[in-house]
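Me: I would like to go through this model with a few short questions. Here it is.

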Amino acid sequence: MSNSLPAIIDLEASGFGRGSYPIEVGFALEDRLVHSFLIKPPAGWDHWSDDAEQVHGISRELLQREGKTPREIALIMNELLYGKVLYSDAWSFDSSWLARLFDEAELVQRFRIETINKLLTPEQMEVWHDTKEMLWQQQEGVNRHRAANDVKVLQETYLRVMQLGD
C-alpha cells in the first residue's frame with residue numbers, strides 16, 4: 001500500500017449559523033499523529049447552539065476549564081503546520097471558522113486548508129460518504145463530532161477510498 005496520507009483538519013463549532021465560532025480544532029498529520037485543542041471563547045464570542053452541543057457534547061464549562069485561547073492555538077498550529085496543506089471534508093465551514101480563530105489571534109495563518117475533493121476522482125467522491133459512515137459504524141463507543149476522532153476516521157476513509165481505485 002503505497003498511498004501516502006494527507007494531513008486532515010476538522011473543527012467543531014458553537015453552532016452553524018452566523019456568529020458561530022470554533023470551539024475545537026483537531027488535525028492528523030501525514031504520520032497519523034493527532035493533535036486536538038479545545039478553544040476557550042474570548043469576550044464577544046457569544047453565539048451558542050444547544051442543538052450543536054447535543055451533537056458534539058462539548059459544554060461551555062468544559063471550554064472555560066480546559067480550552068486554550070485562540071492565540072495560543074494559532075501559535076501552536078503555525079509552528080506544527082508551517083507550509084503544509086491540510087484537507088477538510090467540510091471546507092467551507094472549517095475554513096471560515098479557522099479564519100475567525102486566526103483573526104481573533106491577530107496572526108497570519110502559515111498553512112493552507114483545501115477541500116478533500118481535490119484529492120479524489122469523481123468515482124471516489126461518490127463513495128466517500130458511505131465509506132466514512134461504514135467506518136463510523138465500526139467504531140463502537142467512539143464519540144463522533146469530536147475533532148480528534150473525526151480526523152482519524154477521515155484519514156482512514158481516505159485510505160479505503162484510494163484502495164478502491166487499485
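Me: Which helices and strands each supply at least two residues of the lining of the largest pocket?
Reply: This is a predicted model. In it, one strand and several helices each give at least two residues to the lining of the largest pocket. They are β1 (7-13), α1 (50-56), α4 (91-105), α5 and α6.

Me: What is the volume of the largest pocket, and which residues are closest to its centre?
Reply: The volume of the largest pocket is about 390 Å³. Its lining has 22 residues. The closest to the centre are Asp10, Glu12, Ala90, His145 and Asp150.

Me: How many residues of that lining are charged?
Reply: The lining of the largest pocket includes 10 nonpolar and 4 polar residues. The charged ones number 8.

Me: Where does α5 bend?
Reply: Helix α5 covers residues 122-138 and reaches 25 Å from its first C-alpha to its last, close to the 24 Å expected. The helix nevertheless has a bend of about 40°. The bend is at Trp128.

Me: Against which helix do the buried residues of α5 pack?
Reply: The buried residues of α5 are Gln124, Trp128, Thr131, Lys132, Leu135 and Trp136. Trp128 is thus on this list and is also the site of the bend. The packing partner of the buried residues is α6 (147-164).

Me: Why does Thr115 count as partly exposed and not as buried?
Reply: Thr115 is in strand β5 (residues 112-115). Beyond four places in sequence, Thr115 is in contact with Tyr87, Ser88 and Trp91. Buried means under 20% relative accessible area. Thr115 is partly exposed because its relative accessible area is 22%.

Conventions. Residues numbered from 1 in each chain as written. Predicted model: local features only at pLDDT ≥ 70, side-chain atom pairs only at ≥ 80, totals over all residues. Heavy atoms only, no water. Helix = DSSP H or I, 4+ residues; strand = E, 2+ residues; numbered from the N terminus. Expected span 1.5 Å × (residues − 1). Bend = angle between axes of the 7 residues up to and from the residue. Buried < 20%, exposed > 50% of the residue type's maximum accessible area, 1.4 Å probe, protein only. Contact = heavy atoms within 4.5 Å. 1 Å grid on protein atoms, 1.4 Å probe; cavity = no way out; pocket = protein on both sides within 12 Å on 5 of 7 lines; lining within 4 Å. Points joined across faces, edges and corners; volume = space filled by probe spheres on them. Nonpolar A, V, L, I, M, F, W, Y, C, P; charged D, E, K, R; others polar.
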